[in-house]
Amino acid sequence: MLLKSSINDLKKVLKKENLLFQEEERYCYAQDSANLKDKSNLPDIVVFVESIEEVQKVMRYANTHNIPVVSRGAGTNTVGACTCTKGGIVLNFSKMNKILNFNPDDMTMRVEPGVILGDIKSLAESVGLFYPPDPSNFKVSTIGGSIAQSSGGAKSFKYGTTKDYILSLKVVMADGTLMRLGSGTIKDAVGYHLNQLIIGSEGTLAIVVEAELKLIPLPESNAMITAYFDSFEDATAGVNGIIRERIFPATIDFMDRNSITTVENFYPSDLKTDKECMLLIEVDGFEVSMDTQLERVKKALLSNKASDIVLLRDKEAMEAVWTARRASYGAAAKLAPDVVTDDIIVPRSALSKMVCGCKEICRKHNLQVCIVGHVGDGNVHPQIALNLDNDEEFKHLTDAKSEIYSLAISLGGTISAEHGIGIEKLSHVDKIIDEEVLNSMRKIKKLFDVGNILNPGKIFKM
Ligand SMILES: Cc1cc2nc3c(=O)[nH]c(=O)nc-3n(C[C@H](O)[C@H](O)[C@H](O)COP(=O)(O)OP(=O)(O)OC[C@H]3O[C@@H](n4cnc5c(N)ncnc54)[C@H](O)[C@@H]3O)c2cc1C
């Protein structure tokens, strides 16, 4: 609990209108988009920062008085990464939301941490450039949160994730020191790449106050194919066939039968409900290559038992399919009072075993599950609908998750591909990271944040 005197001290150095300290104002910062049974603590104060200097002021104060500081973008992470385990200060970045520089010739953009991903994408696209990382909620999530979670999305198979598009970062350390990490050039072989250490560190090592992003040319055209399969094995074989045809699709997403049926029940979208799996394949590139790419994809699918293949060139029709795919989470949420999403990844060769194993585990625990994911990179998102207040169901969920993670690891995969660990998976981290490696991580954390004030209680136990 922050002392009243601390709140008064902060009031003296920051604008009063940028501080929230009433209980009802702080309440909405107690949670993020993770559906957790145990509700977290309220922060003691929320600070809307407007400049790097203000972030430094807050950090110097927090460091001197050993106060926890949790950075917050749009609060859309799904693992409790920006909840307040020990109260303290929440830094709200929504007022640091300026695009500081856009250089189309160098294909770079310099941004403040509160900029919304969708705004970065739109500005780049307006001059034929492309910022590929695309968590499916990119219209609301921020670049600061994306850097901290190393967000991915449907295009990661071809284009990589956030970590592949950061040229340099400005960060404020726990003691308030400002550092620039990385040179901003396309290549950089000087010293340790500390900026890469910050990416994915969930706000536990430093606070991102500025980022220089790498952009690439926007593909001239895109097109989509949808197809259905009687098994995930056939669907995976179909994807392998596409790659053997030397086609590198921008996305290869899937929906399982339960997710298709659930979407059709709540948001009818003309999907076929009698097949085990649907693939959504998007190809991009020059307009003149589209027909060839689509023909080759179709050929590979047909030779791997696909049915109901549909080729889509019309933007609206393609968007309608994506809307149905994105509706899967909302549809699953209508099955029960709560829905919990997960995020495991395995090599593509093990995808079928992972999906079937997930279904079997949920069936055994009497849990409803809708599964979607990205076939290209083997990323599986089970969406489990249940009542978290029902202790028996919650116990089954806990056991099922543990079994799902063990299965992913036994298949050569890991327990998070893009959502991160937060508090939600913290107790499972030692299943996949050896104790010596965890100890090295603890040493790094102590080096960066000796008082453990930056987003404490996340990723691993200290
Ligand atoms: C419907 C839905 C769909 C999603 N789809 C995807 C998807 O397809 N792919 C994917 O990868 N993710 C996905 N996510 C997860 C989410 O989009 C990402 O984690 C997101 O990028 C987080 O951004 P945010 O601004 O909401 O960050 P927040 O949730 O506010 O914060 C996330 C983390 O970043 C830290 N943080 C925030 N700002 C800073 C900063 N300036 N400096 C240091 N640390 C900071 C926080 O402390 C926290 O640890 C989805 C989430 C939802 C709700």
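1. How many helices and strands does the chain have? In this predicted model, the chain holds 15 helices and 19 strands.

2. On overall dimensions, the C-alpha atoms fit a box of roughly 70 × 60 × 40 Å along the principal axes. The radius of gyration of the chain is 23 Å, and a compact globule of 462 residues would have a value near 23 Å, so the two agree.

3. On packing, 48% of the 462 residues in the chain are buried. Of the contacts in the chain with a separation of 6 or more, 72% are between residues 24 or more positions apart.

4. Strand E18 is a useful place to look in detail. E18 spans residues 368-374 and is mostly covered, with six of its seven residues buried. A residue counts as buried here if 20 or more other C-beta atoms lie within 10 Å of its own.

5. Which strand pairs with E18 over three bridges? That strand is E13, residues 251-256, and the pairing is antiparallel. One position to check is Asp253, whose bridge partner in E18 is His374.

6. E18 is also joined to strand E19, residues 379-386, by seven bridges, and these two strands run antiparallel. Within this pairing, Cys370 has Gln383 in E19 as its bridge partner.

7. What lies between E18 and E19 in their hairpin? Four residues separate the strands, and Gly378 in this hairpin takes a positive phi near 75°.

8. To recap the strand pairings described here, E18 has an antiparallel partner in E13 and another antiparallel partner in E19.

Note on methods
Residues are numbered from 1 along each chain as its sequence is written. This is a predicted model: local features need pLDDT of at least 70, side-chain atom pairs count only at pLDDT 80 or more; totals for chains, interfaces and linings use all residues. The radius of gyration is taken over C-alpha atoms; the globule rule is 2.2 Å times the number of residues to the power 0.38. A residue is buried if 20 or more other C-beta atoms lie within 10 Å of its own, exposed if 12 or fewer, and partly exposed in between; C-beta atoms are placed from the backbone. Two residues are in contact if their C-beta atoms, placed from the backbone, lie within 7 Å. Two strands pair if DSSP finds at least two bridges between them.
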